[in-house]
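Trainee: I am new to this structure and would be grateful for a close look at one part of it. Please explain the terms as they arise.

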Amino acid sequence: MEPVPGPQEKYELITRNLQEVLGEEKLMDILKERELKIYWGTATTGKPHVAYFVPMSKIADFLKAGCEVTILFADLHAYLDNMKAPWDLLELRSRYYENVIKAMLESIGVPLEKLKFVRGTDYQLSKEYTLDVYRLSSMVTQHDAKKAGAEVVKEVEHPLLSGLLYPSLQALDEEYLKVDAQFGGVDQRKIFTFAEKYLPSLGYAKRVHLMNPMVPGLTGSKMSSSEEDSKIDLLDRKEDVKKKLKKAFCEPGNVENNGVLSFIKHVLFPLKSEFVVLREEKWGGNKTYTAYEALEKDFAEQAVHPGDLKNSVEVALNKLLDPIREKFNSPELKQLTNAAYPNPSKAKPAEKGTKNSEPENMVPSRLDIRVGKVISVEKHPDADSLYVEKIDVGEPEPRTVVSGLVQFVPKEQLQDRLVVLLCNLKPQKMRGVESQGMVLCASSLEEPRLVEPLDPPAGCCAGERVYVEGYEGGQPDEELKPKKKVFEKLQADFRVSEDCVAQWKQRNFLTKLGRVSCKSLKGGSI
């Protein structure tokens with residue numbers, strides 16, 4: 001029988017890997033007297049994805065610390081948030097969430113009998129709760145309500161009154177669920193401070209608030225249900241998991257905004273207390289890490305290759321997903337999934353005269369790709385795994401570009417070399433140095449350690465436009481907006497042909513002097 005942890009051990013379990021705790025003293029005082037009562041709520045909107053394993057692993061921590069844990073399926077919130085869940089689908093989505101969250105918890109070994117599951121509409125439509133909503137609405141300013149929901153409620157051109165009610169309901173949930181603490185992502189912070197300000201005005205106690213960091217998605221930004229490329233669905237097939245991980249942002253040596261590393265830190269390590277990097281004997285064989293910091297250090301120093309890291313995460317992730325896929329293979333849950341999330345392509349066409357949002361025009365001419373000449377190459381001052389290059393692209397001043405080519409191309413081979421540069425990405429700081437472009441490279445699908453920069457035709461000049469055959473005349477965007485994922489969506493169809501020519505959907509990359517190519521990586525990705 002495991003020894004019962006003391007208050008300090010419980011505190012460390014409850015708060016490990018959190019970004020922030022509001023009310024630390026109160027938390028410790030409660031733990032010295034009794035078990036903590038805590039709740040985690042999720043609005044039943046889009047399909048849960050693998051990032052939901054992050055709060056699930058914390059729920060496992062809470063249970064190990066002896067907490068009484070309630071999981072709230074916030075169906076009414078889902079409707080209030082600009083009707084992300086239509087009223088006629090609320091019941092179906094709540095059932096889907098309940099089944100999939102329970103399946104996730106079972107896959108990581110959490111005993112369901114220790115948890116309490118509640119739906120918002122079980123109590124949020126009661127006379128007492130409704131009266132408290134009215135009481136709160138007489139105290140809360142429009143400014144405070146809007147500010148509280150800014151990070152959570154979907155932004156639209158003409159905000160609805162329902163979005164202003166959202167923070168008040170979430171604050172009242174703390175009282176009506178009779179908990180000491182609420183757990184959520186750091187994006188909930190403004191709602192948490194809103195609750196701390198206004199609940200005492202109704203005569204209710206201020207609660208403790210525990211916040212997880214926002215884990216980057218596979219593209220480096222927040223993992224989102226609405227952005228297909230940024231997330232892995234819980235029911236994705238193994239081949240889809242492999243495909244999405246292969247495209248995931250995981251630059252050699254770069255530990256910032258690295259969704260693959262973050263998933264290991266916040267999900268795999270807390271669950272197993274170790275992580276095994278799988279690799280062939282010729283690359284050093286398998287290596288087991290018992291501390292995340294050691295893995296991050298090795299990755300930063302390029303002792304661990306991104307390809308090996310992705311392959312290892314793929315294996316570990318599929319072990320978590322297999323029991324969920326198996327459970328949802330039943331006819332009943334297949335039917336529930338299809339009913340809760342009907343295929344939009346099968347929806348009735350819009351009536352004549354109604355406005356339909358036009359799909360964004362994803363054409364390669366939106367990318368500002370140019371020939372660049374490398375003027376200078378230096379090691380990054382704070383990262384041995386990165387180069388800082390000055391590249392002439394035909395502008396008055398050369399561009400500063402940070403790249404992870406250190407382990408692929410010796411410094412002297414880059415000096416004065418012609419490269420292919422994507423110039424209209426939003427500038428981004430990498431380890432403190434702002435990068436103003438991206439060098440396009442080919443990589444082998446079989447051996448991810450093999451990478452070659454793309455080569456413009458001989459005789460090209462710095463600044464010459466690189467275009468895709470048939471898209472010569474288009475005007476590139478002034479700056480690609482990160483949320484639109486224009487480059488990522490187009491890049492999914494970049495390939496190297498069998499004669500080493502760079503292509504988009506089998507159309508060649510060209511300059512006025514001929515085709516863009518790579519040295520040897522036939523059939524590779526770009």
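Mentor: The account below turns on domain 2, beginning with its place in the chain.

The model is a predicted one, in which local features need pLDDT of at least 70, side-chain atom pairs count only at pLDDT 80 or more, and totals for chains, interfaces and linings use all residues. Residues are numbered from 1 along each chain as its sequence is written, and side-chain values use heavy atoms, leaving out hydrogens and water.

The protein chain is divided into domain 1 (7–212), domain 2 (238–340) and domain 3 (364–525), with bounds that come from an automatic or database domain assignment. Taken over C-alpha atoms, the centres of domain 1 and domain 3 are separated by 44 Å.

Consider next the helix α14, residues 331–340; helices (H or I, at least four residues) and strands (E, at least two) are DSSP runs, numbered from the N terminus. Leu333, Leu336, Thr337 and Ala340 are its buried residues. They lie on the same side of α14, because they cover an arc of only 100° around the axis, the arc being that of the directions from the helix axis to the C-beta atoms. Pro331, Gln335 and Asn338, on the other side of α14, are exposed. Here buried means under 20% relative accessible area, exposed over 50%, and partly exposed in between, with a 1.4 Å probe and protein chains only.

The buried residues of α14 pack against α5 (90–107) and α13 (306–327), where contact means heavy atoms within 4.5 Å. Ser312 lies in helix α13 and counts as buried, because its relative accessibility is 2%. Not counting residues up to four places away in sequence, Ser312 touches Phe275, Val276, Val277 and Leu278.

Glu280 lies in the loop between β7 (275–277) and β8 (287–289). With a relative accessible area of 46%, Glu280 is partly exposed.

Finally, there is the matter of enclosed space. A cavity is a set of points on a 1 Å grid over the protein atoms alone where a 1.4 Å probe fits but cannot get out, and lining residues have an atom within 4 Å of a point. Grid points are joined across faces, edges and corners, and a volume is the space filled by probe spheres set on the points. There are two cavities of 30 Å³ or more, and the second largest holds about 50 Å³ of space. Its lining consists of Phe249, Asn254, Glu256, Asn257, Gln428, Lys429 and Met430. Domain 2 and domain 3 both give residues to this lining, so the second largest cavity lies between them.

Technical notes:
On a 1 Å grid over the protein atoms alone, a cavity is a set of points where a 1.4 Å probe fits but cannot get out, and a pocket is an open set with protein on both sides within 12 Å along at least five of seven lines; lining residues have an atom within 4 Å of a point.
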